[in-house]
Amino acid sequence: MLFDTHCHLDDEAFSGDVSSVVAAAKAAGVELMLTQGTTISSSLDSIALAEAFSGVYAAVAIHPNCLMEEIPQFGSVDAFLEIFTKMAENPKVRAIGETGLDLYWDDTPLEIQKKFLAAHYELARRTKLPVIIHCRDAEAPLLEVTRADFAANGPVSGVIHSFSGDSEFLAACLALGFHISYSGSVTFTNKKFDALRETVPLVPADKILVETDSPYLAPMPYRGKVKRNSPELVVHTARFLAGERCVPEEKFFEQTTENAKKLFGI
Ligand SMILES: [Zn+2]
């Protein structure tokens, strides 16, 4: 059994098709999925999908790249906390995600991203849920905000999703207590992913998770060959990781599923 800890079932790539996508995942042994929120409406859609399908759970948050479009809907951090605390009362909501920092795109000024990353940590404390962290070209500010926030307010559990860093960033994330989740990008054969692959054997067995980030990042050998990635393909990423860690597939599948169930309280 496998747990796809990060997918976007509300994405238009899955529009009108989610029931067959979920059925195909289950047929491939991917019985559990955590679908992410990226805006207020996407978070509500994620909850609706989680309510509609057994084995599907929801995360709610505002993606750093979506903040500028979302902020006018609530204005203040207090109002943000109120809206999302209410959403998180739904028993199928098992994480605050996805939040984080992104300096690859310039949709949101860094100061606003930092302020709302801290707001999502506060939301995680209030709701007692783990956070799902997106970090793209923003490792130094992510560590800076997180260390300061945890030192002042106490740590929050969570996961660095679609981990893309090197062994130094890995050590810093583990020191903060985070889990590490790999997506299909770890299977990519380009040279620039060598440093990422070198981190795979270094993650403690009880901290590693797997995900698709579907409909994005289809793993090898499907990269560029399918019109969308989907949760069933997490099997290929998990198989690849088991090989890199020299662990029997079945054992690795079981371990990552147990890790995810424990982290998300399932
Ligand atoms: Zn995502």
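**The zinc site and its surroundings**

In this predicted model, four residues coordinate the zinc ion: His6 through NE2, His8 through NE2, Glu98 through OE and Asp213 through OD, at 2.1 to 2.5 Å. The angles among the four donor atoms run from 85 to 171 degrees, and the site of the zinc ion is irregular. Along the sequence, the donor residues follow the spacing H-x1-H-x89-E-x114-D. Histidine 6 belongs to strand β1 (residues 2–7) and glutamate 98 to strand β4 (residues 93–102), so this pair ties together parts that are 92 residues apart in sequence.

The backbone at one of these donors also deserves attention. Glutamate 98, found in strand β4, is joined to glycine 97 by a cis peptide bond with omega of about 5 degrees. A cis peptide bond also links methionine 220 and proline 221, with omega of about 5 degrees; proline 221 sits in the loop between β8 (208–210) and α9 (234–245). Most peptide bonds are trans, and most residues other than glycine have a negative phi. Aspartate 137, although not a glycine, has a positive phi of about 55 degrees, and its place is in the loop between β5 (131–136) and α6.

That loop leads to the subject of helix packing. The axes of helix α5 (residues 110–127) and helix α6 (residues 139–153) come within 10 Å and cross at roughly 40 degrees, which means that α5 is oblique to α6. The crossing of α5 past α6 is right-handed. On the α5 side, the contact involves Leu110, Lys114, Leu117, Ala118, Tyr121 and Arg125, while residues met in α6 include Pro141, Leu142, Val145 and Phe150. The residues of this contact divide into eight nonpolar, two polar and four charged.

Technical notes: Residues numbered from 1 in each chain as written. Predicted model: local features only at pLDDT ≥ 70, side-chain atom pairs only at ≥ 80, totals over all residues. Heavy atoms only, no water. Axes fitted to C-alpha atoms, helices over the stretch in contact; angles between N-to-C directions. Helix = DSSP H or I, 4+ residues; strand = E, 2+ residues; numbered from the N terminus. Parallel < 35°, antiparallel > 145°, perpendicular 65-115°, else oblique. Left-handed = near helix turned anticlockwise from the far one by under 90°. Contact = heavy atoms within 4.5 Å. Nonpolar A, V, L, I, M, F, W, Y, C, P; charged D, E, K, R; others polar. Donors = N, O, S within 2.8 Å, 3.2 Å for Na, K, Ca; no water. Tetrahedral: all angles 85-135°; square planar, octahedral: opposite > 155°, others 65-115°.
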